[in-house]
Amino acid sequence: DNIVYAGERIQGFVQSLLGFARPTSGVRPDLDLNRVIKDSLRLCQYDLAKVAVEVQVELAAELPLVSGIEAELQQVFINLFTNAAHASPADGGLLRIVSERDEKGVRVRVVDNGHGIPGDVLPRIFEAFYSTKEEGKGSGLGLSIVKRIIDQHSGRLTVESEVGKGTTFQIEIPQAAARPSADAPSRPKVGAGGS
């Protein structure tokens, strides 16, 4: 199971690198973001358990669907969850994941009680190849990829952090536009022929 899991993580990382160089375009199907969060959490279980992180999940029922690419949004949550694991205190951390409806779509908060991000570092965390981790522990691409994916989904990503108390990432993604029903009668074009 661990080998399969590691292979999936490597595949996801390679896809992220490719996506960073060549942003994905095309049709975005409607997705249930709660399901994407649950699937992402399942893929991170090993990393979280390894450092004894307690996970609290509060997902609102009946969220509106969002238009998105599932693999990319999974990559967003996997990055945020594993970052929370890496930042967790030595005696075990807390990761809280909250989803809720907002006026434009869906809001998700990823909250940890880790070591926090210093104020002078905070403005740079979304820069490509910028990392506070020691050599060999991070590529410096994780959060820049997260930001790019959220931007490409017409969303908004914000962060608040306090040293010694933890960090909160907030994601807002607009709900999917209503699509015409297949059963809806087609309206004739203006100027179409007739008697």
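Strand 6 (156-162) and strand 7 (166-174) pair in the antiparallel sense over 7 bridges, where pairing requires that DSSP finds at least two bridges between two strands. This is a predicted model, in which local features need pLDDT of at least 70 and side-chain atom pairs count only at pLDDT 80 or more, while totals for chains, interfaces and linings use all residues. Residues are numbered from 1 along each chain as its sequence is written, and side-chain values use heavy atoms, with hydrogens and water left out. Within the pairing of these two strands, valine 159 stands opposite phenylalanine 169 in strand 7. The two strands form a hairpin with 3 residues between them, and glycine 164 in that turn has a positive phi of about 85 degrees.

The protein as a whole contains 4 helices and 7 strands; these are DSSP runs numbered from the N terminus, with helices being H or I of at least four residues and strands being E of at least two. Along the sequence, the elements follow the pattern α-β-α-β-β-α-β-β-α-β-β. Of the 195 residues, 39% are buried, a term that means under 20% relative accessible area, with exposed being over 50% and partly exposed in between (1.4 Å probe, protein chains only). Among contacts with a separation of 6 or more, 75% are between residues 24 or more positions apart, contact meaning heavy atoms within 4.5 Å.

The hairpin belongs to a wider sheet. An open sheet of 5 strands has the order 2-4-5-7-6, with mixed pairing. Strand 2 (54-59) and strand 6 stand at the edges with a single partner strand each, so one side of each is left without a neighbour in the sheet. From one strand to the next, the twist averages 10 degrees. Further into the order, strand 4 (residues 94-101) and strand 5 (residues 105-112) run antiparallel and are joined by 7 bridges. Here leucine 95 has aspartate 112 of strand 5 opposite.

Helices cover this sheet. Helix 2 (residues 33-50) lies across strand 2, strand 4, strand 5 and strand 7, and runs at about 175 degrees to strand 2; angles run from 0 to 180 degrees between N-to-C directions, and axes are lines fitted to C-alpha atoms, for helices over the stretch in contact. Helix 3 also packs on the sheet, where it touches strand 4, strand 5 and strand 7, with its direction at about 170 degrees to that of strand 7. In helix 3, 14 of the 18 residues are buried, so this helix is largely enclosed by the rest of the structure.

Helix 3 (residues 70-87) has a second partner in helix 4 (residues 142-152), and the two pack at an angle of about 145 degrees with their axes 9 Å apart. The contact brings Glu72, Leu73, Gln75, Val76, Asn79, Leu80 and Asn83 of helix 3 together with Gly142, Leu143, Val146, Ile149, Ile150 and Gln152 of helix 4. Asparagine 79 in helix 3 touches Gly142 and Val146, leaving aside residues up to four places away in sequence. Asparagine 79 has 13% relative accessibility and therefore counts as buried. On the other side of the contact, the buried residues of helix 4 include Gly142, Val146 and Ile149. After helix 4 comes serine 154, with a positive phi near 60 degrees.
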